[in-house]
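Visitor: Before the discussion of terms begins, may I see the structure in question?

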Amino acid sequence: QFLPIAGELEVYPDFVSDPVCDERFQKEGKLLHKYKGRVLLLCTSACAMHCRYCFRQNFPYQSHRGYESELAVIKEDVSIHEVILSGGDPLSLSDDALEEILAPLSSLVHVKRIRFHTRFPIGIPERIDESFLRLIEAVPQQIYFVIHCNHPRELDADLKERLKALQRLGCVILNQAVLLKGVNDDSATLKTLAEELANSGIIFYYLHQLDRVSGAHRFEVSEERGRALIKELTAEISGYAIPKYVKEIAGEANKTPLLHSIDCF
């Protein structure tokens, strides 16, 4: 998932630098507004790990310090009910830097939910320490953490313990994964991942079809294969443990489901 190979330099016409058209939705320097009622704040360009299939690896991150203009937009737009902290990875920031974002958001009555999109705990679970937990506990809004875990080997005991500490504070933990060739494109791996998440009280939120970013062609799994895998999972595990299989299509009002009707037992 992380080691670059020379084959990434091969050109495939359908694989482009900005497959989800993020730049089209920049409302302010670090603020994206794609979907109704929620905005995404690109807190930083830094990550704990550099996934070779990352759809935002070519994004022109804003280098200016601070978030004053972005927070001003959120303050003025009362239709915004949810703020998503992403990047990069928001947990790459120090607690002091995160407090610069969370403290102003905490005072906004129209913001009901704050969501972290993070892969950081997979690589460095100790980032969720006592200081960070105190920071989260002080936020009055409902907090959601969406981790990015693609394979059950990424879920070790230390990570589960740190996420459990967030759950004890009332945070909702979800997981999103990307369907990746040679990583998790078999039903046994996805079943184990789904069950490990369910056993830890983590909701398997999305299984994403690969975004066609330049250099990531080696990871692509066909949508037909993806639908077959979800159907296989449906026959094996409880419905609440099955992720929504989705694709992002630039300009659509939401993620596009790739499997519309399955029976879950």
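Guide: In this predicted model, the largest nonpolar core has 61 residues. Those with the most contacts inside it are Ile 74, Leu 85, Ile 114, Phe 116, Phe 132, Phe 145 and Leu 166. Helix H2, residues 95-106, supplies the largest share of this core, with 5 residues. Apart from it lies another core, of 10 residues, including Cys 51, Leu 210, Ala 216 and Phe 219.

Visitor: What is Ile 74 in contact with, leaving aside its neighbours within four places in sequence?

Guide: With that restriction, Ile 74 touches Leu 31, Val 39, Ile 80, Val 83, Leu 105, Leu 108, His 110 and Val 111. Contact here requires heavy atoms within 4.5 Å.

Visitor: Why does His 217 count as buried?

Guide: The relative accessibility of His 217 is 15%. Buried means under 20%, so His 217 falls in that class. His 217 lies in the loop between strand S8 (203-208) and helix H7 (223-234). Beyond its neighbours within four places in sequence, its contacts are Gly 7, Glu 8, Glu 10, Tyr 12 and Phe 15.

Visitor: What makes H2 roughly parallel to H4?

Guide: H2 and helix H4 (residues 130-137) pack at an angle of about 5°, and their axes are 11 Å apart. Angles under 35 degrees count as roughly parallel; therefore H2 is described as roughly parallel to H4. On the H2 side the contact is made by Asp 95, Leu 98, Glu 99 and Leu 102, and on the H4 side by Ser 131, Phe 132 and Leu 135. These residues divide into 4 nonpolar, 1 polar and 2 charged.

Visitor: What makes strand S3 mostly covered?

Guide: Strand S3 spans residues 38-44, and 6 of its 7 residues are buried. The cut-off for that label is a relative accessible area under 20%.

Visitor: How do you know that S2 and S3 pair, and in which sense do they run?

Guide: Pairing requires at least two bridges. Strand S2 (residues 31-35) is joined to S3 by 3 bridges, so the requirement is met, and the two run antiparallel. Leu 32 has Leu 40 as its bridge partner in S3. The hairpin of S2 and S3 has 2 residues between the strands, and Gly 37 there takes a positive phi near 85°.

Visitor: Over how many bridges do S3 and S4 pair, and in which sense?

Guide: S3 pairs with strand S4 (residues 82-87) over 6 bridges, in the parallel sense. Val 39 has Val 83 as its bridge partner in S4, and both valines are also in contact with Ile 74.

Notes
Residues are numbered from 1 along each chain as its sequence is written. This is a predicted model: local features need pLDDT of at least 70, side-chain atom pairs count only at pLDDT 80 or more; totals for chains, interfaces and linings use all residues. Side-chain values use heavy atoms; hydrogens and water are left out. A nonpolar core is a set of buried Ala, Val, Leu, Ile, Met, Phe, Trp, Tyr and Cys residues joined through side-chain atoms within 4.5 Å. Buried means under 20% relative accessible area, exposed over 50%, partly exposed in between (1.4 Å probe, protein chains only). Helices (H or I, at least four residues) and strands (E, at least two) are DSSP runs, numbered from the N terminus. Axes are lines fitted to C-alpha atoms, for helices over the stretch in contact, and angles run from 0 to 180 degrees between N-to-C directions. Angles under 35 degrees count as roughly parallel, over 145 as roughly antiparallel, 65 to 115 as roughly perpendicular and the rest as oblique. Ala, Val, Leu, Ile, Met, Phe, Trp, Tyr, Cys and Pro count as nonpolar, Asp, Glu, Lys and Arg as charged, and the others, Gly among them, as polar.
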